[in-house]
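Thank you all for coming; I would like to take a few minutes on one structure, and I will go through it slowly. Please have the sequence and the coordinates open as I speak.

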Amino acid sequence: MCIRDSAEPGYIYQKLINNECDGGLVADMRIPVINGIISLVFIKYKTLETRFGVFRKWHHKLKNVEVHKPEDLLSEDEITKLIAFCRKSGLDYGEIDVLRNRDDGRIYVVDVNNTPTGPPKMDKKLKQESMNLMAQIIKQEFL
């Protein structure tokens, strides 16, 4: 692998984010953002073989999604920067996909979804609790 000090004009560069975790899985964070508020973080797991595929296509092979408090997975500075990113992008309500690089500890926003659907493979009780929390924030912020 070659790490460049500067970009060469006319070329596009990609970086593989090392988001591998135990058991041959990769961990993706799906973070709902409601009017600058991050109230929870979903962790979706994929196998290495399906890491670049659509989550819904492979969800029958995967373990349930986990739900965490943002402060359990992200620093205060990271949360502040993610909120600023969403505001600058004009995202009032949506979900961002974030990967944490295990090599350098940094987070990377890899997708912005302005039509949020939440992750599909969740325990029903946990999904209901998550949706209730987000509904309370929507009511508080927009109604």
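I will talk about one strand and its partners, and after that about one helix.

Let me say at the outset that what you see is a predicted model, so please hear every value as computed from that model.

I begin with strand β2, which covers residues 25–34, and with the matter of how far it is enclosed. Since 10 of its 10 residues are buried, where buried means under 20% relative accessible area, β2 is largely enclosed by the rest of the structure. If you follow the side chains, Leu 25, Ala 27, Met 29, Ile 31 and Val 33 point one way from β2, while Val 26, Asp 28, Arg 30, Pro 32 and Ile 34 point the other way, and all of these are buried.

Which strands, then, pair with β2? Strand β1, residues 20–21, pairs with β2 in the antiparallel sense over 2 bridges, and within that pairing Glu 20 has Val 26 as its bridge partner. The two form a hairpin with 3 residues between them, and in the turn Gly 23 has a positive phi of about 75 degrees.

Strand β3, residues 41–47, also runs antiparallel to β2 and is joined to it by 6 bridges, with Met 29 standing opposite Ile 43. Here again there is a hairpin, this one with 6 residues between the strands, and Asn 35 in the turn has a positive phi of about 50 degrees.

Strand β5, residues 93–100, is likewise antiparallel to β2, joined through 6 bridges, and Tyr 93 is the bridge partner of Ile 34.

Now to the helix α3, residues 76–89. At 1.5 Å a residue its 14 residues should span 20 Å, and the end C-alpha atoms are 20 Å apart, which agrees. Its buried residues are Glu 78, Ile 79, Leu 82, Ile 83 and Cys 86. Seen down the axis of α3, these buried residues fall within an arc of 135 degrees, so they line one face of the helix. As background, an α-helix has 3.6 residues a turn, so residues three or four places apart point the same way.

What covers that buried side of α3? The cover includes β2, the strand I started with, together with α2 (70–73), β5 and β6 (107–113). On the face turned away from the buried side, α3 carries the exposed residues Glu 76, Lys 81, Arg 87 and Lys 88. After the helix comes Gly 90, whose phi is positive, near 80 degrees.

Note on methods
Residues are numbered from 1 along each chain as its sequence is written. This is a predicted model: local features need pLDDT of at least 70, side-chain atom pairs count only at pLDDT 80 or more; totals for chains, interfaces and linings use all residues. Side-chain values use heavy atoms; hydrogens and water are left out. Buried means under 20% relative accessible area, exposed over 50%, partly exposed in between (1.4 Å probe, protein chains only). Helices (H or I, at least four residues) and strands (E, at least two) are DSSP runs, numbered from the N terminus. Two strands pair if DSSP finds at least two bridges between them. The expected span of a helix is 1.5 Å times one less than its number of residues. The arc is that of the directions from the helix axis to the C-beta atoms. Contact means heavy atoms within 4.5 Å.
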